[in-house]
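Student: Could you take a close look at one part of this model, the way its helices pack against each other? I would like the residues named and the terms given with their cut-offs.

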Amino acid sequence: VAVEAVAPSVTDLTPQMLNLKNAGAELALNFNEQFELMFRAMAKLSYKPVVAGNRGISSRKVQEDVGNALIEGSVMGQALDLAQPKAKAFDERMKKIYGDKYRWPVVAALGYDGARISLMAIDKAGNDPKKIRDALEQVDGYDAISGTPPKPFGPKDHECLDKKDVF
């Protein structure tokens with residue numbers, strides 16, 4: 001229907017969102033690094049398309065800046081299900097430790113899992129980089145906080161998360 005782009009320094013997406021609204025767009029893809037800008041413009045225009053983007057939309061900062069009502073109905077790839085008991089406990093622990101500095105649960109969980117997997121490989125392989133790589137590829141049965149699969153890597157797969165691991 002319409003394609004809109006902005007320079008990184010733009011701080012108001014109202015003109016772009018107005019163009020989408022006038023084009024009748026029912027879905028808006030948001031990959032701007034300042035996720036809240038799209039929602040602020042939508043509020044000014046009384047425009048509520050479905051917003052899709054990456055996990056940045058789930059940032060607590062976006063929630064704090066624009067409120068839950070504006071982001072309700074947004075969709076994003078996500079690698080953390082806070083309804084799962086283990087993820088919920090992790091989230092609560094992080095909130096308690098880091099307070100308002102804790103903003104992106106999925107990023108924290110992926111970092112935590114990545115660090116644990118790396119340390120497991122280093123414990124097994126020592127400090128030889130090739131042995132560490134091999135040990136990473138052999139990790140199996142990992143019990144993640146995030147959507148990280150039990151066998152995150154293999155000799156021909158260094159991506160960790162596949163479509164089935166993101167919900």
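**Helix packing**

Tutor: Helices α1 and α2 cross in a right-handed sense (right-handed if the near helix is turned clockwise from the far one by less than a right angle, left-handed if anticlockwise). This is a predicted model, in which local features need pLDDT of at least 70 and side-chain atom pairs count only at pLDDT 80 or more, while totals for chains, interfaces and linings use all residues. Residues are numbered from 1 along each chain as its sequence is written, and side-chain values use heavy atoms, with hydrogens and water left out. Helices (H or I, at least four residues) and strands (E, at least two) are DSSP runs, numbered from the N terminus.

Two packed helices are described by the angle between their axes and the distance between the axes. For α1 (residues 14–23) and α2 (residues 36–45), the angle is about 60° and the axes are 9 Å apart; axes are lines fitted to C-alpha atoms, for helices over the stretch in contact, and angles run from 0 to 180 degrees between N-to-C directions. That makes α1 oblique to α2 (under 35 degrees is roughly parallel, over 145 roughly antiparallel, 65 to 115 roughly perpendicular, and the rest oblique). From α1, the contact (heavy atoms within 4.5 Å) is made by Thr 14, Met 17, Leu 18 and Lys 21, and from α2 by Met 38, Ala 41, Met 42, Lys 44 and Leu 45. Sorted by class, the α1–α2 contact has 6 nonpolar, 1 polar and 2 charged residues. Here Ala, Val, Leu, Ile, Met, Phe, Trp, Tyr, Cys and Pro are nonpolar, Asp, Glu, Lys and Arg are charged, and the others, Gly among them, are polar.

Met 42, in helix α2, has 0% relative accessibility and therefore counts as buried (under 20% relative accessible area, with over 50% being exposed and partly exposed in between; 1.4 Å probe, protein chains only). Neighbours within four places in sequence aside, Met 42 is in contact with Met 17, Tyr 47, Lys 48, Pro 49, Val 51 and Leu 70. On α1 there is Gln 16, buried at 15% relative accessibility. Residues up to four places away in sequence are not counted, and Gln 16 then touches Glu 4, Ala 5 and Val 6. Ser 46 lies in the loop between α2 and β2 (50–53) and is exposed, at 70% relative accessibility. Most residues other than glycine have a negative phi. Ser 46 is not a glycine, yet has a positive phi of about 50°.

The next helix to consider is α6. Helix α6 (residues 105–125) has 21 residues and reaches 30 Å from first C-alpha to last, close to the 30 Å expected at 1.5 Å a residue; the expected span is 1.5 Å times one less than the number of residues. Pro 105, Val 106, Ala 108, Ala 109, Leu 110, Asp 113, Ile 117, Ala 121 and Ala 125 are the buried residues of α6. What covers these buried residues includes α3 (60–66), α5 (85–98) and α7 (129–138).

With α5, helix α6 packs at an angle of about 105°, the axes being 11 Å apart, and the two are therefore roughly perpendicular to each other. In this contact, α5 supplies Phe 90, Asp 91, Arg 93 and Met 94, and α6 supplies Pro 105, Ala 108, Ala 109 and Tyr 112. The residues of the α5–α6 contact divide into 6 nonpolar, no polar and 2 charged.

With α7, the axes of α6 come within 8 Å and cross at roughly 125°, which makes α6 oblique to α7. The crossing of α6 and α7 is right-handed. The residues making this contact are Ile 117, Ser 118, Ala 121, Ile 122, Lys 124 and Ala 125 of α6, together with Lys 131, Ile 132, Ala 135, Leu 136 and Gln 138 of α7. The classes in the α6–α7 contact are 7 nonpolar, 2 polar and 2 charged residues. Gly 126, with a positive phi near 80°, follows α6.

One residue of α6 can be looked at singly: Val 106. At 3% relative accessibility, Val 106 counts as buried. Val 106 and Leu 80 are 26 residues apart in sequence, while their C-alpha atoms are 5.4 Å apart. As for the two regions described here, the C-alpha atoms of Met 42 and Asp 113 are 36 Å apart, with their positions 71 residues apart in sequence.
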